[in-house]
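Student: I should like a close look at a single part of this structure, namely the place where the chains meet. Please describe it in one connected account, and then relate it to the rest of the model.

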There are 2 protein chains.
Amino acid sequence: MSVICWINGDFVPLEDASIGVSDFALQRGYAVFDFARTYNGHLFRFGDHLARLRQSADALYLPISVSDAELTGIACRVIQESSMERPAVRIFVTGGDCNDALFENSNIIVTGEERAAVDPVLYETGVSLLTHEFQRELPAVKSINYLNAVRLEPLKREHNVFDVLYFSAAGVTECPRNNFFVVRDGVLITPAENVLPGITRSVVLQLATGSMPVEERMLHREELPDVDEAFITSTSKRIVPVSQIDRQPVGAGRPGPVTQSLMRLFDEYVHEWKG
Amino acid sequence: MSVICWINGDFVPLEDASIGVSDFALQRGYAVFDFARTYNGHLFRFGDHLARLRQSADALYLPISVSDAELTGIACRVIQESSMERPAVRIFVTGGDCNDALFENSNIIVTGEERAAVDPVLYETGVSLLTHEFQRELPAVKSINYLNAVRLEPLKREHNVFDVLYFSAAGVTECPRNNFFVVRDGVLITPAENVLPGITRSVVLQLATGSMPVEERMLHREELPDVDEAFITSTSKRIVPVSQIDRQPVGAGRPGPVTQSLMRLFDEYVHEWKG
């Protein structure tokens, strides 16, 4: 497998792509990114990913000196020249050298990435979640700060769960790398505040609107035992049913009809995707 | 100015030292560090800095394959071979390549760093702080996550303050890069929980103990208007008096007698420092 990376104007093999030790990304964890995939060889909702990248960068005052058209061309070439079975791209914007005037030499990096394979059984059985009290800093900003997410890996293994589900006094929010939905009495509900504005989340809301009642609102942790269905969404995994939360079955403990219907709608939506 | 960096066994000019784009530090903001300085050419309390580095790394499951004696030797050589007026070293431990088994190839980096000069007037006039509601993630861990600290720079400029002072429902904690102390009715008080265990903080507590009452406890934000003195501490700036918080004078609005006494004690302590 050879993967290509574009860094500040040059296409290089990924293993040769590096950032200086003085970069704000290492010195201060100061960088944002986005992650996009393909369907049928075409980047999926790439305009949405670029818009979110620019929102993240703006929130941290990071300039992006490359146009959307250029970034799209670069991402396409990175995918074409990499050999990947499940192509994806990750775009970083870092603060640049911390000795320079603030962010005047930010690094822009577009790297190919082999998307992790998802066990297809998960779509049939659903996955287990463990609630965990935590609120991400700057939740709408896709920064590189996944310190807590990575640090919780041993906890997930210990509890044999697929992922943790963050909650705080302000309600249930999201998983570290997935948005969260529930279905209750036929209504599709997803947390409205303090979450990453996921692209797959927005597609699911788009597909559901019109065919079922949809609520974007605060979701109390105490509501979880009463929901009929639950699922998580992400770019790489699409819609994954949730069958257990905190060792308790969600609904009947298997993927419910609304979840399955949305999975079918999503599959149809991407089946003919041509960018 | 030429600065040397040791990275995974090699001494190289800082500008040639880099980490791969696939490193956990860029991919997931997953790295810890520590920062130590010299007095009289000797590293100050370097054993304490290494102990804290190991605690930070342990909390994130990051291995450090180099002994304290080796790290000390490396830091001394980095300082000797760099040309710096105000020598300091920064030690990073990153998660290594995110495609490898978890953290099996963590990067260890020791880099020279010219410590920023501090305007000596600040020690005479004191500085202004602005309270800001925020709680750092994993406060006892010196991770690279300074996202919020860097992002608040424009706010500091807008309010013309030297630093922000974090508080939450659990009380006042610290500044992004400084610990915080107050003096009230002759008692030295510093927040006990949810703060970085600063090395300068611990030296100040050591110097004060015996000569004045000392309390490490929760400090409510509502207490701030009633304190007689306040100061901040850090490796690079030692003890800096605080003369204003939220535009209100602290005590008489100038460095108070307890602060000045601790500044003198600290200066005496480091004056003869020989490591």
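**The interface between chains A and B**

Tutor: In this predicted model, 30 residues of chain A are in contact with 30 residues of chain B. On the side of chain A that touches chain B, at least two residues each come from β3 (18-20), α1 (24-28), β7 (108-114) and α5 (147-151). By character, the residues of this side of chain A comprise 18 nonpolar, nine polar and three charged.

Strand β3 deserves particular attention. β3(A) is joined by three bridges to strand β3 of chain B, residues 18-20, and the two strands run antiparallel. Within this pairing, A:Ile19 stands opposite B:Ile19 of β3(B).

The relation between the chains can be stated in geometrical terms. Two copies of a chain are related by a rotation about an axis and a shift along it. Here a turn of 180 degrees, with a shift of 0.0 Å along the axis, lays chain A on chain B with an RMSD of 0.0 Å. This is the relation of a two-fold axis. Of the interface residues of chain A, 97% are also interface residues in chain B, so the copies meet through the same surface.

From the interface one may turn to the nonpolar core. The largest such core has 150 residues, and those with the most contacts inside it are A:Ala31, A:Leu129 and A:Leu165, together with B:Ala31, B:Leu129 and B:Leu165. A:Leu129 touches A:Leu165. Leaving aside residues up to four places away in sequence, the other contacts of A:Leu129 are A:Val161, A:Phe162, A:Asp163, A:Val164, A:Cys175, A:Val242 and A:Ile245.

The loop that lies between β7 and α4 (121-125) of chain A holds A:Arg115. A:Arg115 has 17 C-beta neighbours inside 10 Å and therefore counts as partly exposed. With residues up to four places away in sequence not counted, A:Arg115 touches A:Arg37, A:Arg86, A:Ala88 and A:Ser236. A:Glu193 is 78 residues from A:Arg115 in sequence, and their C-alpha atoms are 28 Å apart.

In chain B, helix α7 (residues 199-208) has as its buried residues B:Ile199, B:Thr200, B:Arg201, B:Val203 and B:Val204. These buried residues of α7(B) pack against two helices of chain B, α2 (46-59) and α8 (257-271), and against the strands β12 (178-184), β13 (187-191), β15 (229-234) and β16 (238-245). Just after α7(B), B:Gly210 adopts a positive phi of about 105 degrees.

Conventions. Residues numbered from 1 in each chain as written. Chains lettered and ligands numbered in written order. Predicted model: local features only at pLDDT ≥ 70, side-chain atom pairs only at ≥ 80, totals over all residues. Core = buried A, V, L, I, M, F, W, Y, C linked by C-beta atoms within 7 Å. Buried ≥ 20, exposed ≤ 12 C-beta atoms within 10 Å, placed from the backbone. Contact = placed C-beta atoms within 7 Å. Helix = DSSP H or I, 4+ residues; strand = E, 2+ residues; numbered from the N terminus. Nonpolar A, V, L, I, M, F, W, Y, C, P; charged D, E, K, R; others polar. Pairing = 2+ DSSP bridges. Least-squares fit on C-alpha atoms with pLDDT ≥ 70 in both.
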